[in-house]
Amino acid sequence: GVIKCKAAVAWEPGKPLSIEEVEVAPPKAHEVRIKIFATGVCHTDAYTLSGSDPEGLFPVILGHEGAGTVESVGEGVTKFKPEQIIVTQGQGLLPDKTSRFTCKGKQVYHFMGTSTFSEYTVVADISLAKVNEKAPLDKVCLLGCGISTGYGAALNTAKVDPGSTCAVFGLGAVGLAVIMGCKAAGATRIIGVDINPDKFEKAKEFGATEFVNPKDHSKPIQEVLVEMTDGGVDYSFECIGNVQIMRAALEACHKGWGESVIIGVAGAGQEISTRPFQLVTGRVWRGTAFGGWKSVESVPKLVEDYMSKKLKVDEFVTHTLPFEKINEGFDLMHAGKRCGKTVHIRNSIYRSGSVVNVFCC
């Protein structure tokens with residue numbers, strides 16, 4: 001039957017989320033209803049909430065990095081049974097183009113097919129990855145987006161070579177995850193680039209070997225990096241979403257073989273540009289989606305890497321707040337753009353020990 005539960009509803013763009021009682025309909029064919037125990041708050045949620053997402057629909061329950069257990073399954077679902085532990089992935093809308101959420105008599109939209117800012121959510125079975133039952137849900141939910149994307153951008157998209165030189169632009173959570181991937185791949189020089197010098201200590205923990213603050217230099221940052229590296233870096237990564245910095249990241253690459261990967265999400269309508277000469281002389285410009293991982297197959301493996309201490313997740317989290325203050329979590333994430341803070345929101349409406357994690361990505 002229908003479950004009544006609490007959720008954080010975004011009624012309109014640019015306004016804070018509202019904790020409401022919502023009705024969650026039972027799963028239809030090939031759908032699963034999940035009890036969410038932990039969710040991350042990511043820059044993508046904030047981007048849609050701000051109103052700048054051209055595809056944003058309201059009212060909506062946001063959230064796309066979640067972990068929980070299976071409450072019930074719809075017809076034709078064979079891979080999941082109640083109480084299995086899963087991590088949900090953003091895979092688009094529910095396939096039959098209808099919503100399972102109502103609040104105050106109004107239909108509420110799903111977000112990226114997941115809507116993890118709710119005690120219960122309904123998702124398509126293809127959006128679920130079954131993970132190790134011993135994994136702490138409040139940590140592995142973060143493998144649903146930012147950490148996996150940054151880590152995979154280095155390992156899968158760029159395929160960073162051992163002994164290479166890398167530059168990472170933007171040292172939020174995604175940038176730190178890229179650094180972790182570059183280190184795992186055996187890069188010898190990993191240069192962090194950020195206008196906030198406070199972020200370097202944390203970046204060192206993840207494997208950065210050097211730090212450059214563009215504000216300390218009068219010439220463009222790409223020229224600084226080309227000089228530092230005798231012609232340019234082998235790989236660069238843009239983790240901010242700034243089209244000027246995307247250009248700088250490409251132009252910081254070595255001619256002949258340098259590769260630059262765009263990870264940051266730019267605002268609607270923005271365009272990238274560079275002189276064709278930059279590409280004609282052999283540089284490569286790439287994009288990445290979810291770090292090149294195949295969600296359903298790869299997330300369980302990433303969870304195993306975390307369990308065996310190959311992959312850092314806990315280190316991304318520094319603050320705790322109760323779930324009712326989820327809006328403060330968004331404020332802290334925006335402040336994190338300036339202060340480099342990562343926030344971990346304790347979620348009192350879920351079972352004890354469950355959390356909402358917010359990290360600045």
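This briefing describes a sheet, the helices beside it and some ring contacts in one structure. The model is predicted. Its sheet is open and has six strands, with parallel pairing. A search of the whole structure also finds four aromatic pairs.

**The sheet**

- The strands follow the order S12-S11-S10-S13-S14-S15.
- Strand S12 (210–212) and strand S15 (284–287) are the edge strands, and each of them pairs on one side only.
- From one strand to the next, the twist averages 20°.
- Strand S10 (residues 165–169) and strand S13 (residues 235–238) run parallel and are joined by four bridges.
- Val168 stands opposite Phe237, which belongs to S13.

**Helices on the sheet**

- Helix H4 (residues 173–185) packs on the sheet, where it touches S10, strand S11 (189–193) and S13.
- The direction of H4 makes about 170° with that of S10.
- Helix H7 (residues 243–251) lies across four strands: S10, S13, strand S14 (259–262) and S15.
- H7 runs at about 175° to S13.

**Helix H6 and its buried side**

- Which residues of helix H6 (residues 221–228) are buried? They are Ile221, Gln222, Val224 and Leu225.
- Why do these residues lie on the same side of H6? They are on the same side because they cover an arc of only 160° around the axis.
- The cover over the buried residues of H6 includes the strands S10, S11 and S12, and also H7.
- Asp230, just after H6, takes a positive phi of about 60°.

**An aromatic pair**

- A pair of aromatic rings is described by two values, the distance of the centres and the angle of the planes.
- Tyr151 and Trp293 form one of the aromatic pairs, with 6.3 Å centre to centre and 25° between the planes.
- This pair counts as stacked, because its angle of 25° falls under the cut-off of 30 degrees.
- Tyr151 is in helix H3 (residues 146–157), and Trp293 is in the loop between S15 and helix H9 (295–307).
- The two residues are 142 residues apart, so the pair links distant parts of the chain.
- Are Tyr151 and Trp293 buried or exposed? Both Tyr151 and Trp293 are buried.

**Lysines over rings**

- Lys130 lies over the face of Phe80, at 5.9 Å from the ring centre.
- Lys312 lies over the face of Phe206, and here the value from the ring centre is 5.9 Å.

How values were computed. Residues are numbered from 1 along each chain as its sequence is written. This is a predicted model: local features need pLDDT of at least 70, side-chain atom pairs count only at pLDDT 80 or more; totals for chains, interfaces and linings use all residues. Side-chain values use heavy atoms; hydrogens and water are left out. Two strands pair if DSSP finds at least two bridges between them. Axes are lines fitted to C-alpha atoms, for helices over the stretch in contact, and angles run from 0 to 180 degrees between N-to-C directions. Contact means heavy atoms within 4.5 Å. Rings of Phe, Tyr and Trp (its six-membered ring) pair if their centres lie within 6.5 Å; planes under 30 degrees apart count as stacked, over 60 as edge-to-face and the rest as tilted. Buried means under 20% relative accessible area, exposed over 50%, partly exposed in between (1.4 Å probe, protein chains only). A charge sits over a ring if NZ of Lys or CZ of Arg is within 6 Å of the ring centre and within 35 degrees of the ring normal. The arc is that of the directions from the helix axis to the C-beta atoms.
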